[in-house]
Amino acid sequence: MHSNVYLPEDFLSHVDSFLPKHLSMSDFIDACRRPLRKSIRVNTLKTTIEAFQQTAEQKGWCLQPIPWCKEGFWIEADESVVPLGNTAEHMAGLFYIQEASSMLPPSALYSDATGSFESVLDMAAAPGSKTTQLAAL
């Protein structure tokens, strides 16, 4: 838990103004203090989802699909010896460490029906997770 997370009173008052009655402000604050689940996106330009899942299983990594991105997974891995970002699979570009919420815009913009985009202007192109996701799509 990250107790050092600072939430300004003005922000909390604003959230309280639209927070549904069945939810509590203390639950909201607790959620803000919890670390995000680690998530990755498989780079389908380098490997298939199925091949990556086999590799992950061999490594002892636990993958849980992210519902809005077929290439995205929440991952649980023992990083005490080798952090995910230092693995051979990451260095080879087989996966990208990317927040699950960051996978939503490209997934929402991409049309499975046409296999294309109408148009995309990526104005938040650093460090490039959404840009590389768009390229893979």
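The following paragraphs lead through a predicted model, from its nonpolar cores to its salt bridges and then to several individual residues.

The largest nonpolar core is a suitable place to begin. It has twelve residues: Ile40, Val42, Ile49, Phe52, Ala56, Trp61, Leu63, Phe73, Ile75, Leu84, Leu94 and Phe95. Three elements, β1 (39–42), α3 (49–59) and β3 (69–76), each supply at least two residues of this core. The largest share, three residues, comes from α3. Within this core, Ile75 illustrates how distant stretches of the sequence meet. Residues up to four places away in sequence being left aside, Ile75 touches Lys38, Ser39, Ile40, Trp61, Cys62, Leu63 and Leu84. A second core is separate from this one and has six residues, among them Leu7, Val15, Leu19 and Met25.

Helix α6 comes next. Its residues run from 129 to 136, and those that are buried are Ser129, Gln133, Leu134 and Ala136. These residues lie on the same side of α6 because they cover an arc of only 160° around the axis. The background to such an arrangement is that an α-helix has 3.6 residues a turn, so residues three or four places apart point the same way. The cover over the buried residues of α6 includes β1, β3, β4 (95–97) and α5 (104–109). Two of these covering elements, β1 and β3, also supply residues to the largest core.

Charged side chains provide further links. Two salt bridges are found in a search of the whole structure. One of them joins Glu79 to Lys38, with the closest N and O atoms 2.9 Å apart. This pair links distant parts of the chain, for Glu79 lies in the loop between β3 and α4 (88–91), whereas Lys38 lies in the loop between α2 (25–33) and β1, 41 residues apart. Both partners are partly exposed: the relative accessible area is 27% for Glu79 and 34% for Lys38. Lys38 is also one of the residues that Ile75 touches.

The other salt bridge is formed by Glu89 and Lys59, whose closest N and O atoms are 3.4 Å apart. Glu89 belongs to helix α4 and Lys59 to helix α3, so this pair ties together parts that are 30 residues apart in sequence. The burial of the two partners is not alike. Glu89 has a relative accessibility of 11% and therefore counts as buried, whereas Lys59, at 44%, counts as partly exposed. Helix α3 thus appears in two settings: it holds Lys59 of this salt bridge, and it gives three residues to the largest core.

The pairing of β2 and β3 can be followed from Gln64. This residue is placed in strand β2, which spans residues 62–66. Strands β2 and β3 run antiparallel and are joined by five bridges, and a hairpin connects them through two residues. In this pairing, Gln64 stands opposite Trp74 of β3. Trp74 is also among the contacts of Gln64, which include Arg37, Gly72 and Phe73 when residues up to four places away in sequence are not counted. The contact with Arg37 has a polar component, since the side chains of Gln64 and Arg37 are joined by a polar contact of 2.5 Å. Gln64 itself is partly exposed, with a relative accessible area of 40%. Between Gln64 and Glu76, twelve residues apart in sequence, the C-alpha to C-alpha distance is 8.6 Å.

Asn43 offers a view of a loop. It lies between β1 and α3 and, with a relative accessibility of 16%, counts as buried. Its side chain reaches the backbone nitrogen of Leu45 at 3.0 Å. Apart from neighbours within four places in sequence, Asn43 is in contact with Gly93, Leu94 and Phe95. Of these contacts, Leu94 and Phe95 are members of the largest core.

Finally, Leu109 is placed in helix α5, an element that helps to cover the buried residues of α6. Leu109 is itself partly exposed, with a relative accessible area of 48%. Its C-alpha atom is 8.6 Å from that of Ser119, and the two residues are ten places apart in sequence.

Definitions and conventions. Residues are numbered from 1 along each chain as its sequence is written. This is a predicted model: local features need pLDDT of at least 70, side-chain atom pairs count only at pLDDT 80 or more; totals for chains, interfaces and linings use all residues. Side-chain values use heavy atoms; hydrogens and water are left out. A nonpolar core is a set of buried Ala, Val, Leu, Ile, Met, Phe, Trp, Tyr and Cys residues joined through side-chain atoms within 4.5 Å. Buried means under 20% relative accessible area, exposed over 50%, partly exposed in between (1.4 Å probe, protein chains only). Helices (H or I, at least four residues) and strands (E, at least two) are DSSP runs, numbered from the N terminus. Contact means heavy atoms within 4.5 Å. The arc is that of the directions from the helix axis to the C-beta atoms. A salt bridge is a side-chain nitrogen of Lys or Arg within 4 Å of a carboxyl oxygen of Asp or Glu. A polar contact is a pair of N or O atoms within 3.5 Å; within protein, one must be able to donate a hydrogen and the other to accept it, and residues adjacent in sequence count only if both atoms are side-chain atoms. Two strands pair if DSSP finds at least two bridges between them.
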